[in-house]
Amino acid sequence: MKRFPAAAALLAAVLLLAGCSASGSSNDAGSSVSNPGTGAVTGDGTTKDSGVVGAPQAGDAAGSVTSGSAAGSTSEVATGQRDVIMTGSMSITAKDPIKATQDAVTITEQAGGRIDSRTENPATENQQASATLTLRIPAGALDRTVTDLKKLGTVNFVSLNASDITQQTQDLDARITALKTSVDRLLTLMQQATTTTDLIAIEGTLSQRQADLESLQSQRNFLSDQVDFSTIILSLYSTGTVAPGAPGDFWTAIGAGWAALVGALGAALVGIGYALPWIALVGVLALIVILIVRMSRRNGKAA
């Protein structure tokens, strides 16, 4: 009877140890499941890194690409590939057009541009001062330079036009590349020519291809200059030279009408002043003719 309690105690101890072992195995398995970053067991018993922890996810990778495109790099590249020629004209009324001309030159040169033509008309008794300039302004500094030019006086009008020549420049680039390849090939054939006839034929073709290549390169350089430097024609006038805009109310309209009447009368008087010498000369000639006719008639009657 004494052996039975001892056997029962031993059996209980074995069962307790088995339960603890099973609990520990269960906890280890749970740890493996709850931390997939440490690895996952495949069907063949090997361990495969799941990549969840410490590795970028597909969604994160896609997010980085999206943010890169949202930064505007694509649109900037697309805009940079376009060849656009900007041209325009400006009319400004200034107190001293000659001084404003020098200021316009300074503004243009500070922006990195140049002056292609410059015409100044100083004030005289018969005309007021004026000036006309052809400005070549770097395309990247056009807006800032136009804003600075507007400060020279009262702006009468500003007109800007854009012309996209991307297709034309791409066509020229392709033709230039093809001609360069042809010229290189002809130079190689010239070195390999064995007869005088072949050499003369190759030289004639090579001369024509080189002339065509230089012509296309000249056209391409001209277009590049037009794209890189916008062309603005600036006209500067003295105060009162350019007619003001349409009146905005009744009293302003009356003032404008009176000014127009006075101007018309002044112009009429100037015209009469120019015509008076001619009228006097015609009157004298007519009087002489009448006297000659009358004298001839009197002589005819007396005879």
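The legends below describe close-up views of a predicted model.

**View 1. Confidence along the chain of the predicted model.** The chain has a mean pLDDT of 76, and 70% of its residues reach 70 or more. Over residues 13-79, the pLDDT is below 50, and in the model this stretch has 15 contacts beyond near neighbours in sequence. Where pLDDT is low, the predicted coordinates should not be read in detail.

**View 2. The open sheet of 5 strands, in the order E4-E5-E7-E3-E6.** The pairing within this sheet is mixed, and its edge strands, each of which pairs on one side only, are strand E4 (114-121) and strand E6 (154-164). From one strand to the next the twist averages 10°. Strand E3 (residues 84-93) and E6 run antiparallel and are joined by 10 bridges, among them the one in which Val84 has Asp164 of E6 as its bridge partner.

**View 3. Two helices, H5 and H7, packed on the sheet.** Helix H5 (residues 142-150) touches E3, strand E5 (130-138), E6 and E7, and its direction makes about 10° with that of E3. Helix H7 (residues 196-228) also packs on the sheet, where it touches E3, E4, E5 and E7, and its direction makes about 55° with that of E7.

**View 4. The surroundings of Ser230 in strand E7.** Ser230 lies in the strand formed by residues 229-237 and, because its relative accessibility is 1%, under the 20% limit, it counts as buried. When its neighbours within four places in sequence are left aside, Ser230 is in contact with Met86, Leu135, Arg136, Ile137, Ala139 and Leu142. One of these contacts, Arg136, lies in strand E5 and is likewise described as buried, at 3% relative accessibility.

**View 5. A network of salt bridges linking Arg114, Asp116, Arg136 and Asp225.** Side chains of opposite charge can pair when their charged atoms come close. Within the network, the side chains of Asp116 and Arg114 meet in a salt bridge with an N to O distance of 3.1 Å, while Asp116 also forms a salt bridge with Arg136, in which the closest N and O atoms are 3.3 Å apart. Because Arg136 lies in strand E5 and Asp116 in strand E4, this second pair ties together parts that are 20 residues apart in sequence. The accessibility of these residues is given one by one: Asp116 counts as partly exposed at 43%, Arg114 counts as partly exposed at 30%, and Arg136 counts as buried at 3%.

**View 6. A salt bridge between Asp173 and Arg220, connecting helix H6 with helix H7.** The side chains of Asp173 and Arg220 meet with an N to O distance of 2.7 Å. Asp173 lies in helix H6 (residues 166-192) and Arg220 in helix H7, so the pair ties together parts that are 47 residues apart in sequence. Asp173 is partly exposed, with a relative accessible area of 34%, whereas Arg220, at 17% relative accessibility, counts as buried. In the model as a whole, the count of salt bridges comes to 10.

Methods
Residues are numbered from 1 along each chain as its sequence is written. This is a predicted model: local features need pLDDT of at least 70, side-chain atom pairs count only at pLDDT 80 or more; totals for chains, interfaces and linings use all residues. Side-chain values use heavy atoms; hydrogens and water are left out. Helices (H or I, at least four residues) and strands (E, at least two) are DSSP runs, numbered from the N terminus. Buried means under 20% relative accessible area, exposed over 50%, partly exposed in between (1.4 Å probe, protein chains only). Contact means heavy atoms within 4.5 Å. pLDDT is the predictor's confidence in each residue, from 0 to 100. Two strands pair if DSSP finds at least two bridges between them. Axes are lines fitted to C-alpha atoms, for helices over the stretch in contact, and angles run from 0 to 180 degrees between N-to-C directions. A salt bridge is a side-chain nitrogen of Lys or Arg within 4 Å of a carboxyl oxygen of Asp or Glu.
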